[in-house]
Amino acid sequence: MKIKVADSAGFCFGVQRAVDLVYKEISNGLPIYTYGPIIHNDEVVEDLRKKGVKVIETLEELKDLPKGTIIIRSHGISRKVYDEISSYGHNIKDATCPFVKKIHNIVNKQDERHIIIVGNPGHPEVQGIMGWCNNNYTVVEDIEGAMNFNLPLDVKICIVAQTTYNYNRFQDLVEIISKKGYDIFVLNTICNATQSRQQEAYELAKKSEAMIVIGGKQSSNTRKLYEICKKECENTYYIQKLDDLDLNSFKSFRNVGITAGASTPHNIIKEVLTVMSEKSFEQLLEEENVVEINN
Ligand code: F3S
């Protein structure tokens with residue numbers, strides 16, 4: 001069996017930076033909080049929990065907690081949330097990815113334009129961006145949303161995208177909105193790391209008999225990778241960790257591709273690769289077939 005791991009699989013620059021910041025802060029002393037899990041990966045979050053890092057889900061919780069350092073994850077937050085956290089007297093360390101911060105700055109300066117954010121309105125990154133739009137925005141998630149977008153034609157528009165949005169779909173939505181006749185300023189804010197990861201996944205899936213996509217179930221960029229691969233390769237499997245891998249499903253394939261989302265640590269990719277590599281793969285299948293008989 002030939003196995004190819006996509007070069008772009010795993011932690012992106014922004015996620016690596018955020019995770020490194022949490023580990024660095026641990027060495028500076030507790031208490032440390034993260035506003036939401038620092039990444040969509042249960043193993044990393046659990047490791048941090050064991051080291052004393054607490055995940056905060058709501059701002060309410062912060063009121064009663066001992067003063068400490070709160071780390072903002074790479075998705076970023078709205079200005080209002082930032083101000084509220086500061087008002088509780090906690091020290092803030094901001095790991096917002098610079099590519100996301102750039103979107104905050106762009107939308108914040110567009111006084112004369114209505115902002116269209118192309119992305120998932122339920123995603124924390126999009127919610128953060130909304131909070132820098134001076135209350136003048138619409139979130140468009142899909143083709144239907146673009147078709148239904150309807151403001152007077154003299155309204156000027158600025159279009160940005162969630163950093164992990166699918167590039168081809170973004171182009172389709174921009175085309176639909178452009179045809180309506182608005183004065184439009186489009187900024188492709190999809191992160192390069194995301195674009196090249198999706199392109200590589202697409203190419204790898206096209207020439208593979210089976211694909212493994214590794215990443216957290218909550219990770220929207222991993223879900224998109226899965227969708228891209230599944231379209232090109234019917235035998236695409238979405239796993240979070242090695243235990244989710246059903247080796248028997250791969251017995252008949254000769255070419256297997258592996259890719260992983262931006263929040264998948266390299267050690268998990270390595271584990272999957274090791275097990276899939278021919279020697280370990282055959283050993284494991286043999287072990288699975290051993291029947292123990294106890295008299
Ligand atoms: Fe930043 Fe791009 Fe990663 S926006 S968090 S480097 S996917």
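## Exercises on a predicted three-domain model

With 13 C-beta neighbours inside 10 Å, Lys270 counts as partly exposed. Lys270 belongs to helix H11, which covers residues 266–276, and the model in which these values were computed is a predicted one.

### Exercise 1: Three residues and their surroundings

Task: Decide for Lys270, Asn134 and Asn135 whether each is buried, exposed or partly exposed.

Solution. Begin with the cut-offs: 20 or more C-beta neighbours within 10 Å make a residue buried, 12 or fewer make it exposed, and the values in between make it partly exposed. Lys270 has 13 such neighbours inside 10 Å and is therefore partly exposed. Asn134 also has 13 C-beta neighbours inside 10 Å, so Asn134 is partly exposed. Asn135, with 7 C-beta neighbours inside 10 Å, counts as exposed.

As a further step, look at the backbone of the two asparagines. Asn134 lies in the loop between helix H6 (124–130) and E7, and its phi is positive, about 50°, although Asn134 is not a glycine. Asn135 is placed in the loop between H6 and E7, and Asn135, likewise no glycine, has a positive phi of about 55°.

### Exercise 2: The sheet with strand E4

Task: Find the order of the strands in the sheet that holds E4, and state which strands stand at its edges.

Solution. The order is E3-E2-E4-E5, an open sheet of 4 strands with parallel pairing. At the edges are strand E3 (53–56) and E5, each of which pairs on one side only. From one strand to the next, the twist averages 30°.

Now follow E4 through its partners. Strand E2 (residues 32–35) pairs with E4 in the parallel sense over 3 bridges, and here Thr34 has Ile71 of E4 as its bridge partner. Strand E5 (residues 91–94) is joined to E4 by 4 bridges and runs parallel to it, with Lys93 in E5 standing opposite Ile71. Ile71 thus appears in both pairings, opposite Thr34 and opposite Lys93.

The last step concerns the faces of strand E4 (residues 69–72), both of which are covered. Thr69 and Ile71 are buried on one side, while Ile70 and Ile72 are buried on the other.

### Exercise 3: The sheet with strand E8

Task: Explain why strands E7 and E9 each have one side without a neighbour in the sheet.

Solution. First write down the order, which is E7-E6-E8-E9 for this open sheet of 4 strands in parallel pairing. Strand E7 (137–140) and strand E9 (183–186) stand at the edges with a single partner strand each, so one side of each is left without a neighbour in the sheet. Neighbouring strands of this sheet are turned by 25° against each other on average, with direction ignored.

Then take one pair of strands in detail. Strand E8 (residues 156–161) and E9 pair in the parallel sense over 4 bridges, and Cys158 stands opposite Phe185 in E9.

### Exercise 4: Domains and how they touch

Task: Name the domains of the protein chain and describe the side of domain 1 that touches domain 3 by residue class.

Solution. The chain is divided into domain 1 (2–10 + 193–288), domain 2 (13–97) and domain 3 (99–190). The centres of domain 1 and domain 3, taken over C-alpha atoms, are separated by 32 Å, and 6 residues of domain 1 are in contact with 7 residues of domain 3. On the domain 1 side, helix H9 (192–206) and helix H10 (220–232) are the elements that give two or more residues. By class, this side of domain 1 has 5 polar residues, 1 charged residue and no nonpolar ones.

### Exercise 5: The shell around the ligand

Task: Work out which helix gives the largest share of the shell around the ligand, and sort the shell by residue class.

Solution. There are 14 residues around the ligand, of which Cys12, Gly14, Cys97, Phe99 and Cys191 come nearest. Helix H1 (13–28), helix H5 (98–109) and H9 each supply at least two residues of this shell, and H1 gives the largest share, with 3 residues. By class, the shell has 9 nonpolar and 5 polar residues, and no charged ones.

### Exercise 6: A special peptide bond

Task: Say where Pro31 is found and what kind of peptide bond joins Leu30 and Pro31.

Solution. Pro31 is located in the loop between H1 and E2. The bond that joins Leu30 and Pro31 is a cis peptide bond, with omega at about -5°.

Note on methods
Residues numbered from 1 in each chain as written. Predicted model: local features only at pLDDT ≥ 70, side-chain atom pairs only at ≥ 80, totals over all residues. Pairing = 2+ DSSP bridges. Axes fitted to C-alpha atoms, helices over the stretch in contact; angles between N-to-C directions. Domains from an automatic or database assignment. Contact = placed C-beta atoms within 7 Å. Nonpolar A, V, L, I, M, F, W, Y, C, P; charged D, E, K, R; others polar. Near = placed C-beta within 6 Å.
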